[in-house]
Every structure is written in structure tokens, then in C-alpha cells.
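Please open the model in a viewer and keep the sequence panel visible. The tour below proceeds by selection, with a short account of what each one shows.

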Amino acid sequence: MLCACSGEQFKFEDAPRSPESLATRDFSASGLSSRTGDWESKFEDTQVDEAESTLRDALSLNYEEARALLGRLEYQRGNFDAAFQVFHGIDIRGLTPRMTKAIVERTWQRKPRTKGDIISTQEMSMHSVSLLLEAILLKAKSLDELGRTREAANECKTILDTVESALPNGMPEGIGEDCKLQEMFHKALELLPKLWTKAGCLDESIAAYRRALVRPWNLDPRRLASVQKDLAAILLYGGVETSLPPQLQVWGATTPKNNIEEAILLLFILMRKVASREIDWDPEIMDHLAYALTISGQFEFLAEYVEQALPGVYNRAERWYFLALCYSAAGQNEATLNLLKKVSGCSEAKHKPHLPSFLLGAKLCSQDPKHAHEGINFARKVISSHDQTKHFMGETHKFLGICYGNAARACVLDSERVALQTDSLNSLNQASLIGHKDPELIFSLALENAVQRNLDAAFSNAIMYSDMVAGSSGRGWKLLALVVSAEQRFKDAETIVDLALDEAGRIDQLELLRLKAVLQIAQEQPKQAIETYRILLALIQAQREFQAKKFHSEVSAERNLETQTWQDLANIYTKLGLWSDAEICLDKAKSIEFYSSRSWHKTGWILVPLVEKVCVSMLFISL
């Protein structure tokens with residue numbers, strides 16, 4: 001091929017011994033075969049230039065180089081099987097020591113050769129090294145196209161092994177100025193982990209990604225960021241736990257201990273590059289970071305990185321909504337509501353209403369009675385818009401009904417309370433017509449009917465809710481027990497609680513134990529109630545010691561439950577006249593929540609008998 005391009009005749013160093021492949025059929029030692037005219041029409045100018053450059057550099061064309069050029073042409077034509085057969089005739093293992101030696105000598109000289117320099121026949125030029133590396137790379141791609149992905153990965157790995165053995169400290173500057181060595185190596189760095197991933201060998205894929213990052217290979221910022229992002233993605237979603245090898249654990253105690261920590265570290269680096277404009281904004285980076293920080297419970301960190309996003313990435317409503325989701329997941333509902341109020345504020349009046357923000361605001365307000373009226377406003381804004389779907393409409397009426405009920409319980413005027421309670425049931429019933437299969441809606445209906453003393457409807461809805469969740473909800477059992485106890489059937493209610501204890505989760509189990517103790521007190525069984533409270537406190541203490549990692553909401557719920565338990569015990573001891581025991585229980589409650597009004601109120605009741613005794617004593621003294 002090169003003979004025809006240059007007008008000269010050269011001989012191969014060795015005669016081709018491969019079978020009648022495309023290489024040996026279409027080219028002979030003297031030039032082109034009978035199909036020369038057809039092939040010459042397909043040559044590109046760049047290919048001819050490269051061929052002439054090789055001739056001027058090496059002054060001879062050996063068998064392997066000719067196969068490399070021919071294989072490249074076959075690959076470009078899409079003849080992957082023929083290309084593989086051509087590349088397969090190159091003795092890569094035999095040439096690897098010469099290639100390594102050539103790269104090492106090039107790094108020592110650090111001076112590009114001129115076109116007039118003569119190279120000995122034993123020394124391989126850098127142009128030949130680049131040509132052979134490209135042949136190995138195209139061979140790997142051909143194998144991949146033929147479905148032999150694992151073999152393709154092993155071939156691609158040969159490129160990395162060869163260059164790494166010659167350049168153990170990374171790629172020096174300027175080595176790719178007059179040859180394609182650096183370009184071929186960078187392509188192999190990117191291709192190898194993808195081939196391992198395609199072959200299903202995720203351990204090897206992760207190792208290949210790490211191999212591309214541990215040394216300075218002169219990757220441009222975009223390529224480097226792409227490798228880091230792909231590694232973070234496979235660490236997050238690959239389903240294979242691979243710890244860092246010992247030689248990479250160089251940060252001591254701060255070394256990532258698992259895949260999630262390593263992925264988060266990589267994504268933090270990428271976000272810093274985005275902030276410094278080193279790379280362009282990539283929404284996939286934020287998606288991966290949001291997932292990683294969410295499953296690790298670091299919602300505040302996620303909010304910080306959302307705030308660091310440059311202007312224009314999100315519009316104001318989307319940014320506030322994203323931040324609201326972060327703070328809501330972190331349990332900071334007040335901060336969340338402040339952000340959602342901005343979405344519904346005057347500054348956004350001219351923009352299209354952001355319905356997800358309004359719906360989230362209505363949901364959060366429905367969970368806190370003191371924000372009931374704000375929740376009503378959020379829900380009405382969703383209903384007044386004409387873009388909501390059927391699902392959104394059902395959810396909105398549900399939250400509106402809950403907010404109406406919460407607002408009714410805070411009313412002072414009876415007429416206003418009755419009106420709000422009526423609106424609550426109407427909204428919940430309207431929501432049930434849209435989403436009658438929603439268990440949360442049925443629970444809200446049961447709760448509202450129970451509050452309004454519609455016990456038959458409440459009992460029916462509570463049974464329906466329990467059936468819909470297959471008896472797996474602790475709060476459903478709790479509501480059913482409360483409805484039964486409202487009918488003065490305390491024994492039946494206690495039986496329901498006992499059944500629920502076997503099905504409930506950790507937090508629900510603690511709340512059910514407290515409910516059981518309250519029911520025992522209502523049946524005038526103080527000793528059994530004290531024993532139940534003792535079991536409850538023991539469980540809280542055990543969970544505090546053996547489950548250190550908890551969400552903020554779980555910690556807060558346990559603290560409140562423990563405080564209420566000590567207060568209930570103080571109340572029992574007060575009724576039994578055991579003042580010292582009651583005072584000890586109240587001291588325990590104050591140590592958990594010092595400013596609890598119930599604790600100080602009960603303390604006052606304990607001090608009343610003491611004050612009476614002091615007053616009587618002073619009266620006798622005065623007489």
C-alpha cells in the first residue's frame with residue numbers, strides 16, 4: 001500500500017504466514033493487486049500523508065506496520081472481521097519490549113527527531129510505536145464489534161501495560177506533539193473500563209477507572225471529568241462493593257471506606273471544577289450527587305451544593321423547590337416552608353405557578369397544626385390553577401382536608417370550628433372520589449371522623465386502612481385501638497395493641513407500648529402500667545446504645561417519647577402518693593427536655609402538699 005503511495009518498492013521484513021486473509025490477498029511485496037484502482041479512490045489525504053511520514057521516518061516498511069495500516073483501512077470500511085484477521089497477524093508480544101524501549105528512550109531525549117534523522121533498524125521510531133498502539137486499539141474495537149468483549153478488554157489492557165511499564169510516573173509534557181502515542185493511550189484509558197463494564201466484569205472496570213486516575217496522564221479537563229463521573233456512577237449503581245487497594249489508601253483515617261464515600265469524594269471534586277468554570281455544567285453530576293448524599297442521609301450537604309450552582313442552571317422556582325426538598329428531608333420544615341413561601345411570593349407572580357412547590361407546602365403544613373392556614377392557602381393555589389392532573393387534584397384535596405381539620409382544632413369560636421370540620425370532611429370525601437385506593441387518604445378520613453366523634457365511620461375507615469396495608473402499619477393499629485377505647489372498650493383496645501406489637505416497626509413499637517400503658521392506667525392497673533413503662537424505657541436505652549446512626553426525625557421522636565414516659569410515670573407515682581419517686585421521674589424528664597411545660601406543671605403539683613404542710617405548721621406556730 002505504502003509502495004503505491006510513494007512510487008517506490010519495498011520488501012516486507014518477513015513473508016506473511018497468515019492464511020489468505022484480506023491483507024495477503026490484496027497486497028503483495030511489489031505493490032498493489034488488481035483491485036488497486038478501487039481502493040485508491042477510497043484513500044483519504046490524511047492516510048496518504050501518514051503513510052509518507054512513516055516512509056520518510058523509518059526508511060523501510062516492515063510487515064507489522066503494513067498490517068497495522070491495512071487493518072485500519074478495513075476497520076474504517078466496517079469490515080471488522082477482516083480487520084481482526086489483519087491485526088491478528090501482528091506479533092504484539094514480540095514487539096512489546098521494543099515499543100517500551102522506544103518510549104523510554106524518547107522520554108530521556110525529550111527532543112523530537114527531525115525528518116532527516118536516521119534511525120537504526122533495531123530501534124523503533126515513535127511513529128511506529130503509535131501506529132502499533134493504534135493497531136492494538138482498533139483490534140480491541142473490532143473484537144468488541146464482533147461480540148468478543150472480554151477479549152477486546154484484554155487487548156486494550158495491553159496498551160496500558162506497555163505504556164505504564166515505560167512511563168511509571170505518568171505521561172510527560174510534550175510527548176504527544178509529533179506522534180499519536182498520547183492520543184492512542186488516552187483512548188485506551190477511556191475504552192478499557194467501558195469494555196469491562198460491557199463484559200459484566202465490574203470489579204475490573206472499577207480497577208481500570210482507578211488506574212486512569214492515580215497517575216498524571218495529561219488527560220484534558222473534559223476527559224478527566226468524564227472518567228471521574230463514570231467511576232462515580234459505577235460505584236453508586238454497579239452493585240459491587242470494592243474497597244480501595246492498599247497502595248491507594250494514602251489518606252489514613254480520611255480514606256473512603258466504601259463505594260458511596262469514594263463516589264461522593266469524586267462528585268465533590270467535579271462540583272468544585274464546575275464552580276471554578278474548569279468544566280461545563282453537567283446535570284448528571286448533580287443527579288449522581290443528589291442520589292449519593294440522599295442514601296447517606298447528608299441532606300444539608302446536598303443543599304449547600306444546590307446553593308453553589310451558578311446562576312442560570314436552575315430558575316428561581318426550581319432552585320427553591322430543590323432546596324426545599326433537601327431541608328424537608330433533613331427535618332428542617334421551617335426552613336422548607338420559608339423557601340416555599342418565596343415561590344408563592346410577589347416576585348414570582350408574573351411567572352407560571354410552580355405546582356410541585358405548592359403541593360409540597362400543603363403537605364408539610366398538613367403535618368404541623370400551627371401552619372394549617374398556610375397549608376389551606378397552598379392547597380387553594382393548586383386547585384385554582386388549570387394545569388393540575390387528576391392525581392395532583394386528589395392529593396391537593398387530601399392535604400386541604402387535613403389542614404381544615406387541624407385549623408378546626410385550634411379555633412376558639414364554635415361556629416368557625418364546626419364550619420372548618422365540615423369543610424374538612426367534604427374535602428377528604430372529594431379526594432376519596434378521585435383516589436379511593438390511597439391508604440393515606442383513608443387513614444386521614446378515619447382520623448378526622450374519630451376527632452369529630454363519628455366513631456362508627458372512624459372504625460370502618462380504620463379497618464379499611466388496616467386491610468389496605470395488610471396490617472403492617474403501626475399507626476393504623478394505634479388509631480384502631482384509640483377508636484375502640486373511645487367506646488370504653490379498654491380491654492379490646494389493649495388486645496389490639498398486643499397484636500400490633502408483633503407487626504410494628506421500631507418507633508411504632510415504642511409508641512404502642514406507651515399506648516398500652518395508658519390503657520392499663522385507664523383500667524386502674526398501675527402496677528402493670530409501671531412494668532410496661534419500664535420495658536419501654538429499657539427498649540429506648542438499648543436502641544440508643546446499639547443504633548448510633550439515625551435520622552434527626554427518629555432521634556427527636558425517641559427523645560419526646562422518653563420525656564412523655566417519665567412524665568406519665570411521675571403522674572402514676574403522684575396518684576399513689578409516692579412523692580419522692582415522682583420527683584425522680586420529673587428530674588429525668590427535665591434532663592431530656594428542660595423547658596417542657598408538662599414537667600414543670602407536674603412539679604408544681606408535687607410541691608402543693610409540701611406547701612400545705614408548711615402553711616399548717618406556720619399556723620400552729622402563730623397560735
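The stops below run from the whole chain to individual helices, residues and loops.

**The whole chain**

Begin with the complete protein chain in cartoon representation, bearing in mind that this is a predicted model. The secondary structure comes to 30 helices and 2 strands. Colour the chain by accessibility: of its 623 residues, 46% count as buried. Among contacts with a separation of 6 or more, residues 24 or more positions apart account for 62%.

**The nonpolar cores**

Next, select Leu133 and Leu181, the residues with the most contacts inside the largest nonpolar core, which has 111 residues. Helix α8, residues 126-145, gives the most to this core, with 11 residues. Show the side chains around Leu133: beyond residues up to four places away in sequence, Leu133 touches Met99, Ile159, Val163, Leu181 and Met184. Then move to Ala446, Ala458, Val484 and Ala570, which are included in a second, separate core of 43 residues. As general background, nonpolar side chains in soluble globular proteins tend to be buried together.

**Helix α9**

Two of the partners of Leu133, Ile159 and Val163, lead to the next selection. Ile159 and Val163 are among the buried residues of α9. Others in that buried set include Thr149, Glu155, Cys156, Thr162 and Glu164. Measure the helix from end to end: α9 covers residues 149-166, and its 18 residues should span 26 Å at 1.5 Å a residue. The end C-alpha atoms of α9 are 27 Å apart, which agrees.

**Helices α13 and α14**

Select residues 259-275 for α13 and residues 283-295 for α14; the two helices pack at an angle of about 140°, with their axes 10 Å apart. How do α13 and α14 lie to each other? They are oblique, and their crossing is left-handed. For the contact surface, display Ile260, Ile264, Leu267, Phe268, Leu270, Met271 and Val274 in α13, which meet Ile285, Met286, His288, Leu289, Ala292, Leu293 and Ile295 in α14.

Now keep α14 alone. Its 13 residues should span 18 Å at 1.5 Å a residue, and the end C-alpha atoms, 19 Å apart, agree with that. Buried in α14 are Ile285, Met286, His288, Leu289, Ala290, Ala292 and Leu293. Add the neighbouring helices to the view: the buried residues of α14 pack against α12 (221-237), α13, α15 (299-307) and α16 (316-329).

**Helix α20, Tyr404 and helix α22**

Move on to Tyr404, which is found in helix α20, residues 390-409. Is Tyr404 buried or exposed? Tyr404 is buried, because its relative accessible area is 8% and the cut-off for buried is under 20%. Leaving aside neighbours within four places in sequence, Tyr404 is in contact with Ile376, Arg380, Leu420, Asp423, Ser424 and Ser427. Add Ala372 as well: Tyr404 and Ala372 are 32 residues apart in sequence, while their C-alpha atoms are 6.9 Å apart in space.

With α20 still selected, add α22, residues 439-451. The two helices pack at an angle of about 20°, with their axes 10 Å apart. That makes α20 roughly parallel to α22, and α20 passes α22 in a left-handed crossing. The residues that meet here are Lys398, Ile402, Gly405 and Arg409 in α20 and Glu440, Leu441, Ser444, Glu448 and Val451 in α22.

**Ser432**

Leu441 also leads to Ser432, which is in contact with Leu441 and Leu445 when its neighbours within four places in sequence are left aside. Ser432 lies in helix α21, residues 414-434. It is buried, with a relative accessible area of 16%.

**Two loop residues with positive phi**

Which loop holds Arg453? Arg453 is in the loop between α22 and α23 (455-468). Its phi is near 65°, a positive value in a residue other than glycine. At 53% relative accessibility, Arg453 counts as exposed.

Finish at Gln488, in the loop between α24 (474-486) and α25 (490-501). The phi of Gln488 is near 65°, again positive in a residue other than glycine. Gln488 is exposed, with a relative accessible area of 56%. For context, most residues other than glycine have a negative phi.

Key
Residues are numbered from 1 along each chain as its sequence is written. This is a predicted model: local features need pLDDT of at least 70, side-chain atom pairs count only at pLDDT 80 or more; totals for chains, interfaces and linings use all residues. Side-chain values use heavy atoms; hydrogens and water are left out. Helices (H or I, at least four residues) and strands (E, at least two) are DSSP runs, numbered from the N terminus. The expected span of a helix is 1.5 Å times one less than its number of residues. Buried means under 20% relative accessible area, exposed over 50%, partly exposed in between (1.4 Å probe, protein chains only). A nonpolar core is a set of buried Ala, Val, Leu, Ile, Met, Phe, Trp, Tyr and Cys residues joined through side-chain atoms within 4.5 Å. Contact means heavy atoms within 4.5 Å. Axes are lines fitted to C-alpha atoms, for helices over the stretch in contact, and angles run from 0 to 180 degrees between N-to-C directions. Angles under 35 degrees count as roughly parallel, over 145 as roughly antiparallel, 65 to 115 as roughly perpendicular and the rest as oblique. A crossing is left-handed if the near helix is turned anticlockwise from the far one by less than a right angle, and right-handed if clockwise.
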